[in-house]
Structures are given as structure tokens and as C-alpha cells.
2 protein chains.
Amino acid sequence: MGSTGGRRERLRAETTAEIKQVALKLMASDGPDAITLRAIAREMGMTANAIYGYFATRDDLVTTLIKEVYTALADAVDTAWAGTPAAPPAERIQTWAHAFRDWALANPEGFRLIYGDPVPGYLAPEGGAAPDAAHRVCTGIAGLADAAWPHAEHLYAHSAFEWSDFDGALLDEIRPAFPGLPPAGVALALRIWGRLHGLVSLEIYGHLRTQTVSPGKLFQEELAQLVRSLGIEPEDT
Amino acid sequence: MGSTGGRRERLRAETTAEIKQVALKLMASDGPDAITLRAIAREMGMTANAIYGYFATRDDLVTTLIKEVYTALADAVDTAWAGTPAAPPAERIQTWAHAFRDWALANPEGFRLIYGDPVPGYLAPEGGAAPDAAHRVCTGIAGLADAAWPHAEHLYAHSAFEWSDFDGALLDEIRPAFPGLPPAGVALALRIWGRLHGLVSLEIYGHLRTQTVSPGKLFQEELAQLVRSLGIEPEDT
DNA sequence: ATAGAAACTTCACGGCGTATAGTTTGCTCA
DNA sequence: TGAGCAAACTATACGCCGTGAAGTTTCTAT
């Protein structure tokens, strides 16, 4: 039988990895539009059709890339969060947010790939391209909300949210991780998420460029206000 | 001389309008990817190349569409704002925000056209595709900030913003319109903008679908908190 | 050694944007 | 009125794209 570790399989895995890597390189250098089977194949000295042996379709390849890039983003913010276990909540939240923005600025194409309509005719599969990574990021933010919850709870007393308002798979991750966080806290997490995403998204897509020359300062100030709105006082400067 | 109102010019204007209208129809029915010169021409019983008589390039057409759609969005929110001249600030702001979200939900393709990478290889021209409309929307939000400023001012006392942080053309619109609004107020406007944009953008691109089944409720709650963070108490319900 | 599977190529089709060149149409002015 | 001209439009072609079908090579398991 074709046992694990056979030469055939190893080559196959290597080629698969090379396809993805070349695709990411093309995306980084020439934008998401450059992710074409023919360009990848050209770069690899192959025929475009050879790629069909590894990915059923171009959209399949793109979906895989999205999963990979999204996971990288999730890793980046999780690492930032894990790096400040003992810091006060305000500082932890700002660290997380800056990790998010920094990643986006360092990987603008990746950000577009994840959060936009990145590639010509690409149609995301049922339920989103990378629900797992999306949940990881969201769970990360739930961590922010959980850290702030003792201070913020009284501000969100009459929230209309119930568990049934949320996606089950998401709750399966969040509820065990943060048993003290009620529905209002999860909603708070999503709203924080929207807030951070909003400014970064405007910046990455260039919609702030026509308005301010200091997007970083704007983000900084928004963060300070966000922290304040959580009932925590931000540190100065 | 070919005086104004000549038959030639009228036909030309009609054809130009039809091209744009067909393009918008295709976008609405089949998504932004459907905006191809060949498809438009097919629909009009013409050759794709005939369109080059009206638009220098496909990207030119797309830029024109973006301007048009962006203007429609600006009209929608301006109308909502103008419709509640005497209401309390909290209500006006919520009306504006709902007009924005409702427009986005009713014109998701238009939203993507404006705020995403909408069409295959489209590259926005220098300075953005529609800086005028972008400034109009931003000026509208400055109106929100201006309305809230008397209540909110003390919250943003030590803002680090100065006039030089903003785009000159934007300030040319905002400063005369809201002479009482300092740099910190303009920054507040941009941050409000990012906040509203963030949730709507996540919703339109389907990134909330994997997390909550009640995006409207989430938006509602974010709005209530936004108004509260401006120093105004939101109405109940 | 050989049958078969896997990897890869070749060829083909239709769709895309757009450059070039040619044709028709309608207006203007002598 | 008719000659000339410009605008509107078509035809053809090129090089991209994704992808299907069929053929060829190469490796592997028996």
C-alpha cells in the first residue's frame, strides 16, 4: 500500500505547497488579481492545467489561500494577546488592536483577500471561505471583551441580545473559553470587532487617504475612546 | 456651429446614459464582475469597441459608475439628515446611520463598488475614484459631529489633532459649513465614520453571517452606544 | 516485467480588454 | 445641392484568462 511518507506523496505535498507559496508571492507583488493559474504555472515551469491535479478549481485554490492568510492573521493577534498576559486590560486591548492594524498594513493584499472581493470572479463557498479562522479572530476579541467585562458590564445592562442571536459554532468556542461572558458581552465583542475593522478597512482601501494624512493618529484616538467606552481609563500617551 | 441641443449631441448623451444604466443593471443583477464592455454592448446590440467612443477605457467607465453610485449614497444620507432638521441630535444621528445601512443593504453591489475592489483589474485613479462624493459623505458626518459637539466636547479635550492632519479639500468644505468644529471634532467625525462603516462593511461582505443572525440588532446597539459616547442619551427602544 | 495510476502536456473553446484599420452615417458649409 | 469631413460604429486580431477532453510520460506496486 502507499504508506505514509512515500516519495510520491512527499513530492505531491511539496508541489502543493509551492503552488500556494507562488500564489501568495504573486499576490504580494502584483495584487490579488495576479492570482491566475497560468501565471502560477508559468512561474513554476508548468502548464496551467497541471494545477488541476492539486486544486479542483481556481476558486478552490483561492479559498485555500484565504484560509492560510486568515490563519496567519489570527496567529498574529493571538500572539500579541498571549504576549501580555499580566498587563492591565486597557494596554492588552490596545496591543491587540495595534497587532491587527499592523498586520493589515504589512499585508494589505492579504487583508483584501480576507475581507473584500479579492479576485476577479471568485465566489466564496457556502458559509464563508474560512469560518474557522473567522471564529478564532472573533474568539480573540471575545477575550478582549471578557477582560473588560468586569468594568464594562454596568454600561451594557439592558442589551437585547440572547444566545440565540449568535452562530452556534461560534458559541461552542466562546462559551467554554469565557464562561463569565453573557450574550451582551459577545455582542460587545462583535461591536468592538466592527469598530476596529472599520477604521482599518477604510485605511487599507484608501478611503481615508482623501481625508486625513494621519490615519495612525486617528486609530490611536479611536482606541483610547474605545477603551474609555469599556469603562477603563487609557494610559496617557 | 454645432450649437447646444443638437441632434448629434443629444444622441450621444442618450447613448452615454444607456451605457451607464445597462452597466448598473448588470452590476445589480450579476454582481460587479458582470460589468464588462462586451456584456454591455451585447445588451445594447452594439460592439464592445463602440463603447470606446464614449469611455476611453473600461476603468474610466467604472470610475464614472463609482462617482454616480457614490453620489446616490451621498444623496440618500443627506436627504435623511435634511428630513429631521428639528429632531434631537441622538435621533438625527440614528436616522442618518440607518439611512446609510439601509442604502448599503439595498445596494450591496454598489457598496462593494464604492468601498471594495469591485471589478477584476480595476485600478482607482490618483486621489481616489470619487473624492467629491467621499467628501460629501464625510461632510455629512461632520454634521453629525457638529450636532453632538456641544455635548461631546469635554470628552475629547486632549485630542492630538490639528488642521494640518486633514486633507485640504475636505477642510475647504467642512470649515465653512461648521465653523464651530475644531480639529478634534473633524477627527471625531472620521472616527464615527469608521465605526459605522465597520459594522456595515462586515455585514455586506458576509463576515457577520458566520457570527450573528441579528446584524440589525447589533447595529442598533452600536448606535445606542455611539450616541452615548457622544455624551447624548439615546431614546429607549 | 507489467498493469495501472498519477502527473503532466497539448489542443481547444469561449470570454475578456483593447489596439488598428476600415466602413457607414449624418452634419456643415460653399 | 453636393462635396467634404468628422463622428459612430464594425471587423479583425492579439494576448490574456479558466477550464474541459484527450493523449503522453513517469513512477509504483504487484
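What percentage of the 237 residues in chain A is made up of buried residues? Keep that question in mind while you open the structure, which is a predicted model, and begin the tour by selecting chain A.

**Stop 1: chain A as a whole**

With chain A selected, display it as a cartoon and follow the chain along its sequence, where you will pass through nine helices and zero strands, in the pattern α-α-α-α-α-α-α-α-α. If you switch to the C-alpha trace, you can see that it spans about 60 × 50 × 30 Å along its principal axes. The answer to the opening question is that 54% of the 237 residues in this chain are buried. When you turn on the surface, you are looking at an accessible area of about 10400 Å², and carbon and sulfur atoms hold 52% of that area. Contacts are also worth a look here, for among those in chain A that link residues at least 6 apart in sequence, 72% join residues at least 24 apart.

**Stop 2: chains A and B together**

Next, add chain B to the selection, and compare the two copies. Chain A can be superposed on chain B by a rotation of 180° with 0.0 Å of shift along the axis, and the RMSD is then 0.0 Å. The two copies are therefore related as by a two-fold rotation axis. To find where this axis passes, select A:Gly198, the residue of chain A that comes closest to it, with its C-alpha at 1.6 Å. Since 100% of the interface residues of chain A are interface residues in chain B as well, the copies meet through the same surface.

**Stop 3: DNA strand D**

Now select DNA strand D and show the residues around it, of which there are 19, with A:Arg38, A:Arg42, A:Asn49, B:Asn49 and B:Tyr54 coming nearest. If you sort these surroundings by class, you will find six nonpolar, five polar and eight charged residues. Which helix gives the most residues to the surface near DNA strand D? Color the helices separately, and you can see that α1 (7-30) and α2 (37-44) of chain A, along with α1 (7-30) of chain B, each supply at least two residues, while α2(A) gives the most, with three.

Zoom in on the strand itself, where 61% of its atoms within 4 Å of the protein belong to sugar or phosphate and the rest to bases. Three places show phosphate oxygens of DNA strand D beside polar atoms of the protein. At A:Arg42, a polar side-chain atom lies 2.7 Å from a phosphate oxygen, whereas at A:Arg58 it is a polar backbone atom that is found 2.9 Å from a phosphate oxygen. Moving over to chain B, select B:Tyr54, where a polar side-chain atom is 2.5 Å from a phosphate oxygen of the strand.

**Stop 4: DNA strand C**

Select DNA strand C next, and display the 20 residues that surround it, the closest being A:Asn49, A:Tyr54, B:Arg38, B:Arg42 and B:Asn49. Of the atoms of this strand that come within 4 Å of the protein, sugar and phosphate account for 61%. The residues of this surface divide into six nonpolar, six polar and eight charged.

For a base, go to A:Asn49, where a polar side-chain atom lies 2.8 Å from a base oxygen of DNA strand C. For phosphates, select A:Arg12, which has a side-chain N or O atom 2.9 Å from a phosphate oxygen, and then B:Tyr52, where a polar side-chain atom is 2.8 Å from a phosphate oxygen. Two or more residues of the surface near this strand come from each of α1 of chain A and α1 and α2 (37-44) of chain B, and α2(B) gives the most, with three.

**Stop 5: two residues of chain B**

Hide the DNA and select B:Ser229, which lies in helix α9 (residues 215-229) of chain B. Is B:Ser229 buried or exposed? Its relative accessible area is 19%, and because the cut-off for buried is under 20%, B:Ser229 is buried. Beyond its neighbours within four places in sequence, B:Ser229 is in contact with B:Leu155, B:Tyr156 and B:Arg195, and the side chain of B:Ser229 also reaches the backbone oxygen of B:Leu226 at 2.7 Å. Then select B:Ala152, which is 77 residues away from B:Ser229 along the chain, although their C-alpha atoms are separated by 7.8 Å.

Finish at B:Thr84, in the loop between α3 (58-82) and α4 (89-106) of chain B. B:Thr84 counts as buried at 16% relative accessibility, and, leaving out residues up to four places away in sequence, B:Thr84 touches B:Arg92 and B:Thr95.

Conventions:
Residues are numbered from 1 along each chain as its sequence is written. Chains are lettered from A and ligands numbered from 1 in the order in which they are written. This is a predicted model: local features need pLDDT of at least 70, side-chain atom pairs count only at pLDDT 80 or more; totals for chains, interfaces and linings use all residues. Side-chain values use heavy atoms; hydrogens and water are left out. A residue is near a molecule or strand if one of its heavy atoms lies within 4 Å of it. A polar contact is a pair of N or O atoms within 3.5 Å; within protein, one must be able to donate a hydrogen and the other to accept it, and residues adjacent in sequence count only if both atoms are side-chain atoms. Helices (H or I, at least four residues) and strands (E, at least two) are DSSP runs, numbered from the N terminus. Ala, Val, Leu, Ile, Met, Phe, Trp, Tyr, Cys and Pro count as nonpolar, Asp, Glu, Lys and Arg as charged, and the others, Gly among them, as polar. Buried means under 20% relative accessible area, exposed over 50%, partly exposed in between (1.4 Å probe, protein chains only). Contact means heavy atoms within 4.5 Å. Accessible areas come from the Shrake-Rupley method with a 1.4 Å probe; for residues, only the protein chains shown count as cover. Copies are superposed by least squares on the C-alpha atoms of residues with pLDDT of at least 70 in both.
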